[in-house]
Amino acid sequence: MASMQKNILKYSALVFAGGASYGIMATTVKFALADGFQWTQVAASQPLFGTLLFAVALAVLALAGKRPVHLSPRGVLRLLGLGLTTCTTCVLYNFALTRLSVAVAITLLFQFTWIGVVIQIVVTRRRPSTAELAAAAIILGGTLLASGLFSEGAGAMDPLGVACGLLSAVSTALFMFLSGRIGVDLPPIQRGLFVCLGACILGFAVCPGYFASGALQAGIWKYGLVLGAFGLLIPVVLFGIGTPHLPTGLSTIMASSELPCGILISVFVLGEPVSTLQAVGVVVILAGVAVSQLPNLLPAKTGVLEDAR
């Protein structure tokens, strides 16, 4: 039992790190915008460098003797479509960051936690449980606090930025829902490569003059590397290693590290202010995530420990 508990802690740490890696993205985007790059160029850079990083990783695996799994044309198209979904989040989120603070933008993005429950209800026709309804209410309340709606500057929040932030949450929920159904049997590196290629399609559609603009020569590559690594490569690999060994509820709770990490980085690196109400809101949102997963976490965790016996 002690050995099993130690393994759970190890894999939980990997998933926690994967979620935290997403939190680095918002501050990186802010730095890129402050450096004079357009948000469309930043949105195209993430899938481009994510693709390059996955390609390098796949080449290293090939040199080590690990051959990629054969994919049918239909399977490739499905993965490319999945990539379009995740790039939609990138585009909407990057635009929201041009009009909102990191704390507000990342809080709006984090609404994928309850939106995903709604999508599951609509698709599966399953009525929400008491825990799911309670969690949705808690997360909505936490959003009102964490978004700064009660602060003095709340009236200055841009409506279009808020709309794009919420739409990025919808696209994230769709991506998470579809990613659990598309290419789940593929190795994480190979799967991630095709997803990134699909994301590139939308990225370059939003910024068709990317290569001709001279952004690469001007230094956007350093931001692209960070976004590709922390927004695509690292979380895909860490989730691929950790989540198969954890109950679904525990994985989701650990991955929620994105929100506190993102806001903390914005405070210490960008110097963005976070009020006491916003800090309370973050805690409330995380509590809502925990409540939504309690029915899955407790029985699954018990089952894991029983298997260890």
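**Reading a helical chain by its cut-offs**

Modeller: Helix α2 is followed by Gly36, whose phi is positive, near 100°. The residues are numbered from 1 along each chain as its sequence is written, and the side-chain values use heavy atoms, with hydrogens and water left out. This is a predicted model, in which local features need a pLDDT of at least 70 and side-chain atom pairs count only at pLDDT 80 or more, whereas totals for chains, interfaces and linings use all residues.

Biologist: How many helices and strands does the protein chain have, and what makes a stretch count as one or the other?

Modeller: Helices (H or I, at least four residues) and strands (E, at least two) are DSSP runs, numbered from the N terminus. By that rule the protein chain has 13 helices and zero strands.

Biologist: What is the mean pLDDT of the protein chain, and which elements have the lowest and the highest mean?

Modeller: The pLDDT is the predictor's confidence in each residue, from 0 to 100; its mean over the protein chain is 82, and 87% of the residues reach 70 or more. Among the elements, helix α11 (residues 248-255) has the lowest mean, 62, and helix α3 (residues 39-63) the highest, 95. Over residues 300-309 the pLDDT is below 50, and beyond near neighbours in sequence this stretch has eleven contacts in the model, a contact being heavy atoms within 4.5 Å.

Biologist: Why is Asn94 called buried or exposed, and which residues is Asn94 in contact with?

Modeller: Buried means under 20% relative accessible area, exposed means over 50%, and partly exposed lies in between, with a 1.4 Å probe and protein chains only. Asn94, whose place is in helix α4, has a relative accessibility of 1% and therefore counts as buried. Leaving aside its neighbours within four places in sequence, Asn94 is in contact with Val29, Trp39, Val42 and Ala43. Val29 belongs to helix α2 (residues 24-34), where the buried residues include Val29 itself, Met25 and Lys30.

Biologist: Why do Leu77 and Leu140 get the labels they have?

Modeller: Leu77, in helix α4, has a relative accessible area of 58%, so Leu77 is exposed. Leu140, in helix α7, has a relative accessible area of 43%, so Leu140 is partly exposed. As for their surroundings, the C-alpha atoms of Leu77 and Phe194 are separated by 8.9 Å, although these residues are 117 apart along the chain, while Leu140 and Trp114, 26 residues apart in sequence, are 8.6 Å apart from C-alpha to C-alpha.

Biologist: What makes Arg99 and Asp158 a salt bridge?

Modeller: A salt bridge is a side-chain nitrogen of Lys or Arg within 4 Å of a carboxyl oxygen of Asp or Glu; the side chains of Arg99 and Asp158 meet at 3.0 Å, N to O, and so satisfy that rule. The pair links distant parts of the chain, 59 residues apart, with Arg99 in the loop between α4 (73-97) and α5 (102-109) and Asp158 in the loop between α7 (130-146) and α8 (159-179). By this rule the count comes to one salt bridge. Arg99, at 40% relative accessibility, counts as partly exposed, whereas Asp158, at 19%, counts as buried.

Biologist: How many disulfides are counted, and why is Cys200 without a bond to Cys196?

Modeller: A disulfide is a covalent bond between the sulfur atoms of two cysteines, and here the rule asks for a pair of cysteine sulfur atoms within 2.5 Å. The sulfur of Cys200 is 6.9 Å from the closest cysteine sulfur, in Cys196, which is too far for a bond, and the count comes to zero disulfides. Cys200, at 9% relative accessibility, counts as buried, and Cys207, at 7%, counts as buried as well.

Biologist: What makes Val269 eligible for a nonpolar surface patch, and which residues make the patch?

Modeller: Patches are made of residues with over 30% relative accessible area and no salt bridge, with like charges joined within 9 Å and nonpolar side chains (Val, Leu, Ile, Met, Phe, Trp, Tyr) within 5 Å. Val269, in helix α12, has 47% relative accessibility and counts as partly exposed, so this value meets the area condition. The patch, of about 430 Å², is made by Phe31, Leu264, Phe268 and Val269, and helix α12 (residues 258-270) gives the most to it, with three residues. These areas come from the Shrake-Rupley method with a 1.4 Å probe, and for residues only the protein chains shown count as cover.
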